[in-house]
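Here is my note on the model you sent. The points are numbered so that you can reply to each in turn.

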2 protein chains.
Amino acid sequence: MSAVNIAEKFDGITKHWFPHIVAEANGQHVRLAKLKDEFVWHSHADEDELFIVVKGTLQVHFRDRVETVNEGELLVIPKGVEHKPIAEDEVLLINITKAEAKHTGDVESDVTVDIQQMPRA
Amino acid sequence: MSAVNIAEKFDGITKHWFPHIVAEANGQHVRLAKLKDEFVWHSHADEDELFIVVKGTLQVHFRDRVETVNEGELLVIPKGVEHKPIAEDEVLLINITKAEAKHTGDVESDVTVDIQQMPRA
């Protein structure tokens with residue numbers, strides 16, 4: 001494969017909470033997403049999630065605390081842990097997780113994007 | 001876990017080609033490394049590698065071509081493919097691969113760092 005310019009791929013994303021798959025390695029997807037406002041509470045039974053915040057400030061709400069992830073920071077959401085991401089202002093996020101991981105985990109919501117429908121940017 | 005500031009972790013790295021493990025998810029390590037000059041030719045029989053260049057320009061030599069990975073770009077090195085990274089000027093790299101992956105792959109070299117010896121920053 002060729003090098004992928006992350007900023008250019010983000011430029012092609014027009015919809016919030018709509019992951020684009022830009023690479024795959026070891027059965028995991030590298031997904032880029034633009035986030036704004038609130039997502040749904042959810043967890044992933046079998047998948048950890050690695051978040052890298054490229055722009056903005058992400059608040060990851062857990063049931064017992066809130067973790068702030070600033071630009072240039074990363075956070076791992078362990079499997080099975082309920083969380084709810086909130087982006088007061090727009091956040092650009094790299095999300096690395098297993099290729100079979102639904103982004104809303106075990107919750108089916110009107111924001112759920114089927115993995116087959118995620119654009120491969 | 002808590003958010004990890006990537007720049008701060010890089011500040012703590014003093015040696016080139018000496019990966020620091022800053023997170024683990026789905027059996028994969030997030031390793032940060034500072035690169036300068038040439039690494040050894042090697043491949044990884046069972047592990048893809050995801051490179052994200054945070055600073056600088058990395059030249060990844062393959063046997064038949066060279067791929068340039070600029071700041072803000074990512075590249076996947078598929079398992080089994082021989083490669084040799086070269087950083088003419090210093091490069092700051094995020095390397096995500098399986099936790100059991102040796103950074104020099106199947107090659108034992110004087111630059112090889114045993115995984116157990118990689119600092120957990």
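1. What radius of gyration does chain A have, and what would a compact globule with 121 residues have? Chain A has 13 Å, and a compact globule would be near 14 Å, so the value agrees. Keep in mind that this is a predicted model. Along the principal axes, the C-alpha atoms of chain A fill a box of roughly 40 × 30 × 25 Å. Buried residues account for 40% of the 121 residues in chain A.

2. Next, the fold. Chain A holds one helix and eight strands. In sequence order the pattern is β-α-β-β-β-β-β-β-β. Take the contacts in chain A between residues at least 6 apart in sequence: 64% of them join residues at least 24 apart.

3. Strand E4 of chain A, residues 49–55, deserves a look. Five of its seven residues are buried, and E4(A) is mostly covered. E4(A) pairs with strand E7 (residues 73–77) of chain A in the antiparallel sense, over four bridges. In that pairing, Leu50(A) stands opposite Val76(A). E4(A) also pairs with strand E8 (residues 83–98) of chain A, again antiparallel, over five bridges. There, Ile52(A) has Ile94(A) as its bridge partner.

4. E4(A) also bears on the core, through Phe51(A). The largest nonpolar core has 56 residues, and Phe51(A) and Phe51(B) touch the most other members. Leaving out residues up to four places away in sequence, Phe51(A) touches Leu58(A), Val69(A), Leu74(A), Leu75(A), Ile77(A), Leu93(A) and Asn95(A).

5. Why is E7(A) described as largely enclosed by the rest of the structure? Because five of the five residues of E7(A) are buried. In a regular strand, side chains alternate between the two faces of the sheet. In E7(A) both faces are covered. Glu73(A), Leu75(A) and Ile77(A) are buried on one side, and Leu74(A) and Val76(A) are buried on the other.

6. E7(A) also reaches across to the other chain. Two bridges join E7(A) to E1(B), and the two strands run antiparallel. Glu73(A) stands opposite Asn5(B) in that pairing. The reciprocal pairing is present too: strand E1 (residues 4–5) of chain A and E7(B) pair in the antiparallel sense over two bridges. Here Val4(A) has Leu74(B) as its bridge partner.

7. Now the interface as a whole. Contacts link 27 residues of chain B with 27 residues of chain A. On the chain B side, the elements giving two or more residues include strand E1 (4–5), helix H1 (6–11), strand E4 (49–55) and strand E8 (83–98) of chain B. E7(B) gives the most, with four residues. By class, the side of chain B that touches chain A has 14 nonpolar, seven polar and six charged residues.

8. A last item is Trp17(A), in the loop between helix H1 (6–11) and strand E2 (20–25) of chain A. Is Trp17(A) buried or exposed? Trp17(A) has 21 other C-beta atoms within 10 Å, and the cut-off is 20 or more, so Trp17(A) is buried. Neighbours within four places in sequence aside, Trp17(A) is in contact with Ala33(A), Leu35(A), Phe39(A) and Val111(A). From Trp17(A) to Leu75(A), one of the buried residues of E7(A), the C-alpha to C-alpha distance is 18 Å, and the two are 58 residues apart in sequence.

Methods
Residues numbered from 1 in each chain as written. Chains lettered and ligands numbered in written order. Predicted model: local features only at pLDDT ≥ 70, side-chain atom pairs only at ≥ 80, totals over all residues. Contact = placed C-beta atoms within 7 Å. Nonpolar A, V, L, I, M, F, W, Y, C, P; charged D, E, K, R; others polar. Pairing = 2+ DSSP bridges. Buried ≥ 20, exposed ≤ 12 C-beta atoms within 10 Å, placed from the backbone. Core = buried A, V, L, I, M, F, W, Y, C linked by C-beta atoms within 7 Å. Rg over C-alpha atoms; globule rule 2.2 N^0.38 Å.
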